[in-house]
Amino acid sequence: MFRLAKYLKSYKLQLILGPLCKLIEAILELLVPLVTADIIDNGVRNGDMDYVLSHGALMIGMGALGLCFALVCQKSASIASQGFGTKLRNAMFRHINTLSHAELDKIGTASLITRMTNDINRLQLAVAMLIRLVIRAPFLIIGAIVMSFLIDVRLAMIFAVAAPVTALVLYLVMRASIPYFRGVQGGMDRVSLIARENLSGNRVIRAFNKQKEDRERFADANETLTDITLKGGRISTLLNPLSYIIAQAAIIAIVWFGSGFVYTGDVTTGQIIALVNYMTLIQLTMIVVSDLVVIFTRAAVSASRVNEIFDTKPGIVECDDPVSDFCEDEPAVCFSDVTFSYEGQGPALTNISFTANRGETIGIIGGTGAGKSTLVNLIPRFYDASEGTVTVFGRDVRTCSFSALRGMIGIVPQKAELFSGTIRSNLERGKPGATDEEIAHALSVAQASEFVCAMPMGYDSIVSAGGTNLSGGQRQRLTIARAVIKQPDILILDDSASALDFATDAALRRALSHETGNMTVFMVSQRVGTVRYADKIIVLDAGELVGLGTHRELIKACPVYREICLSQLRREEVEEDEKD
Amino acid sequence: MKKTEKKTSAVKTIKRIIGYCKPYKLRLAAAMVFSVLYVAMNLTAPVLLGYAIDGAVGKGNVDFVSIASLLLMVGVSALCSALFVWLMNLCTYSVTYLTARDMRRDIYGKFGSVPLSVIDSSSHGDMLSRLINDVDSVSDGLLHGITQLFSGLVMILSTLGFMLVISPTIALVVVVITPLSMFVAAFITRLSQKQFREQSQTQGELSSRIEEYIGRQKLVKAFSFEKSSIESFEEINERLKVCGQKSQFYSSLANPSTRFVNGLVTAAVCIVGSLSAMSGAISVGQIATFITYANQYTKPFNEVTGVIPQLQAALAGAERVFAVLDEQDESSEDDCAVIEGKSSGSLDISHVSFSYIPERPLITDFTLKVAPGRRVAIVGPTGCGKTTFINLLMRFYDINSGAILLDGKSIFDIKRSSVRSQYGMVLQESWLYNASVRDNIAYGKPEATLDEVIAAARKAHIHHFIERLPQGYDTIISEQGGNLSQGQRQLLCIARVMLCDPPMLILDEATSSIDTRTEIKIQRAFTEMMKGRTSFIVAHRLSTIKEADIILVMKNGNIIEQGSHDELMAQNGFYRELYSSQFAPS
């Protein structure tokens, strides 16, 4: 929890000023019973009207001063706590941006969202409370104890006993409730995971008429969350009554022993009243403290969840001295003896070697799960090869800076996803500050001009999050335009024409071939038609490279490729290609 | 005018929150009873203490016997008071958290009952924020509201009563001054409610941004726009900070201000009390009691104003929660029929028009008759309305005009669930959920045995892959499908439908990510399964289309050509153009 204190650094002023003001306010508050006792003992007993009035005025003045200090404190608290939360969220977001896909999968998006909102909100609240109360409450308690010592040492011993007993109770309750609060946040993750799944799979759930079962699945998670919240609540709700009992016992003791001392004449009635008032003050403060304990216990749980994210180290990091210049003369992409496996699974790629020269078009074809996407994911270094090396323009990708490496690669992912904004803002993801001409050109290459121009707002038409307001094929073409506008040295099309009809697909390939003069293009596809005119075709089967060559070479030499061709082309066509 | 409107909306929101507590009214009533008892006990103690202190008059003049018995009573009342406050809290906790649970349940229920268009057009991150953060705010507010607000009110009223009995004059002083603190608190609350609303909204915006950027991290990395995504996130975060600071500061003003007013009260009590004591109207012990009372009396004011920020946040959260709950459900279907058993699969679509946005007609005057058992393939350029057509068949969206008849009966007279259960559907976007592989395949038929599941997986040619997974069929599929490839996910979705054995089938680009050899085998399995049943296939691959009984060629929401493959080729039209493009050189 204290590790997160660094995000409070720039709020040092507020952190000091806030509690200080609260402290002064507390001192003023603490003096009130003293003044009261004075009024009774000196004013009333002596019948001194002036004394009563002047001290009454003093009390009012102290109140006004207290108000001023309290305002400063509240202001500091709001600035520091919200500022802290904002900084923490920013830092967390930045950190998440450095994590690779493997780590993000492990934590899960739903959990990241709850950690970033709900957990940080709890920490924010704790900071506000820290400033407002953490100094004030103990101060009031300790101050009350000190004052009691000043009044009568023997009676003050009662305070000295009550305080540690209360502290012990606080500690025990807190310790007992921590696991439950941890459970609450975990339950929250689960609830948000299921809700997120529902929202993304809403159509499927309805298609299978599973609304009822789905509600039950949620109800389970919801019930678990409620249950654990209630259990935690039951424990923490003990705090208030227990501390109340201790305080009342102390008050009884004060009056009982106090009256003994009154009898002997060591203590006045006014002093007993003052002591009782101090004890009441402590008791009232204890109510606040028990609230605080709950807030801090929950914050501690949230802090550990937030720290868990910060402790997750990115699996793929830039090397210490990354290079960002490339050798134009070296082959664009070269795999030598690359083997790769996902964590906890068998190899997804085994001993892959090939070279792609500048300006070449490389087709990648193979069965489902053959490792096609995995292979292209190694080029921009989304994953690191387990064995062997991947080089881009003569540089081992592990030595390159991310921005230089990824800056020269344009990717069209399999899943066509856009960001909320406009068509223009989405293309600007590929090339910041792109001109209208560049946008028009990219759209025309991607065969997207027609439908974009038909939209009422043209380039400035709104795209909703994920691009859900567009059809699958429209989205896919926009993702292609986004990669093309970048004018990358290496263009990766990861089965990115799957939602396009053949005519559009063919037109796209024609347009691309004009575009790609010096570009090295990787085309992952299921369609022979898409890859057959590539300079080289890589045939993958269960993670192994079983064929490398042109269409005509492979159709003769590679049985797997031939089989794929036969499944798609007319037999005569295949045989014709074989002959030449 | 505007102010009163806002006020009534706040009152309405509060009323609805209270309405939500209704199922737990017994517990709520118990909480209130305990709260009254607690207050009563809490008030008795100072009276008894006052008397006890009065027993110690001065040196050599102390009535130990009466003090002892009074203190004993104080002890008993303290124990009772602690017990009651505990019971009160227990009741409050369960009312609060059960109410929050119900709210979450109802919001989630809405996800399934609103028209699909609402889900399609809403930001998922914002919805999640409503479900998690806004409900959390409401429950936080409710917790403090019930405990502090109600017991505070009881405390105020009963202390007032006690004071009136002891000394009407002093009580009067207290009564005159305190409304001031109420006034101050009300003023500040009104000032800051707008900020809370804004805060809640911005929080929703923030979480939709998180959902968007973190859910698509790979894309963010691919385009190296970590930086710009961070900038856009930080911009929203900054706005959240500003409105957060404002709302927090303004609403936290209420507490010190009321405490100041209460300080005035204490001073006044002290002065007036002392003056009365000097004139002999009350005893010194009574002053002590009085000051304790004045403290007791003002304490609830402090507590009430202390929880104002939570209450305001709760109100803002509740507004957003209720906005979801107020979404119109899909039209009622009480009078709708249920299809008994399996339909024959005859479809009659006549003059159907539909558009997502009224200004942009998509499907116009669409007419089609499908005899039972036919295989219908739909082809056409992207965006021509293929998927929309399927949305209409499944009643995900309702048509604007025209009619769709299933076995001669309008699908609007049949329950949605009944219409949908006639179809097995595989979509391009393969959706799996966080459960075992087996559960995912058995999604449409949870009672299926493992053998049936395996048989379906075999038909979908995914069995061997599943067997190689660390825990086989019991492997848990992580959020978003984890490390499965797109094609493998699609195969699992196909297995899911294979297991259901539906009377009709819809394949919307269902095999787009699967290699053609596997696809052909799957196609064979589908053909086997669908013998004599109606199916709709949206696809680009000719292998899939060629064998269909009818091919519909769609363009701009209309059917422009239809017929068998050979017929269409002979027509030498748009289809032929599409077909030949497959082999066009790149």
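**Buried turns, a sheet and a chain-to-chain contact**

B:His461 is buried, with 20 other C-beta atoms within 10 Å. That count matters here because a residue needs 20 or more such neighbours to be called buried. The model is a predicted one, and in it B:His461 sits in the loop between α14 (450-459) and α15 (463-468) of chain B. The backbone does something a little unusual to the eye at this spot: phi of B:His461 is positive, about 55°, although the residue is not a glycine.

A second histidine makes a handy counterpart. B:His351 also carries a positive phi, near 50°, and again this is a residue other than glycine. B:His351, however, is part of strand β3 (residues 347-354) of chain B. With 12 C-beta neighbours inside 10 Å, B:His351 counts as exposed. Positive phi turns up once more at B:Arg395, where the value is about 60°. B:Arg395 comes just after helix α11 of chain B.

That helix, α11(B), covers residues 386-393, and eight of its eight residues are buried, so the rest of the structure largely encloses it. The buried set takes in B:Lys386, B:Thr387, B:Thr388 and B:Asn391, along with B:Phe389, B:Ile390, B:Leu392 and B:Leu393.

Stepping back to the layout of chain B, the chain is divided into domain 1 (20-325), domain 2 (344-422 + 503-586) and domain 3 (433-501). Between the C-alpha centres of domain 2 and domain 3 of chain B the distance is 26 Å. Ten residues from domain 2 of chain B and ten residues from domain 3 of chain B make up the contact. On the domain 2 side, the residues that touch domain 3 of chain B split into five nonpolar, three polar and two charged.

Chain B also holds an open sheet of six strands, which run in the order β8-β9-β10-β5-β11-β12 with mixed pairing. At the edges are β8 (423-426) and β12 (558-563) of chain B, each of which pairs on one side only. On average, and with direction ignored, neighbouring strands of this sheet are turned by 15° against each other. At one end of the order, strand β11 (residues 550-555) of chain B pairs with β12(B) in the antiparallel sense, over five bridges. In β12(B), B:Gly563 is the bridge partner of B:Ile551.

Over in chain A, there is a helix pair to look at. Helix α5 (residues 136-151) and helix α6 (residues 153-200) of chain A pack at an angle of about 155°, and their axes are 7 Å apart. That angle makes α5(A) roughly antiparallel to α6(A), because angles over 145 degrees are counted that way. From α5(A), the residues involved are A:Ile141, A:Ile145, A:Ser148 and A:Phe149; they meet A:Val153, A:Leu155, A:Ala156, A:Phe159, A:Ala160 and A:Ala163 in α6(A). Sorted by type, the residues of this contact of α5(A) with α6(A) come out as nine nonpolar, one polar and no charged.

Finally, the two chains meet each other: 150 residues of chain A are in contact with 152 residues of chain B. Helix α2 (residues 49-98) of chain A supplies the largest share of the chain A side, 25 residues. By type, the residues of chain A that touch chain B divide into 64 nonpolar, 65 polar and 21 charged.

Key: Residues numbered from 1 in each chain as written. Chains lettered and ligands numbered in written order. Predicted model: local features only at pLDDT ≥ 70, side-chain atom pairs only at ≥ 80, totals over all residues. Axes fitted to C-alpha atoms, helices over the stretch in contact; angles between N-to-C directions. Helix = DSSP H or I, 4+ residues; strand = E, 2+ residues; numbered from the N terminus. Parallel < 35°, antiparallel > 145°, perpendicular 65-115°, else oblique. Contact = placed C-beta atoms within 7 Å. Nonpolar A, V, L, I, M, F, W, Y, C, P; charged D, E, K, R; others polar. Domains from an automatic or database assignment. Pairing = 2+ DSSP bridges.
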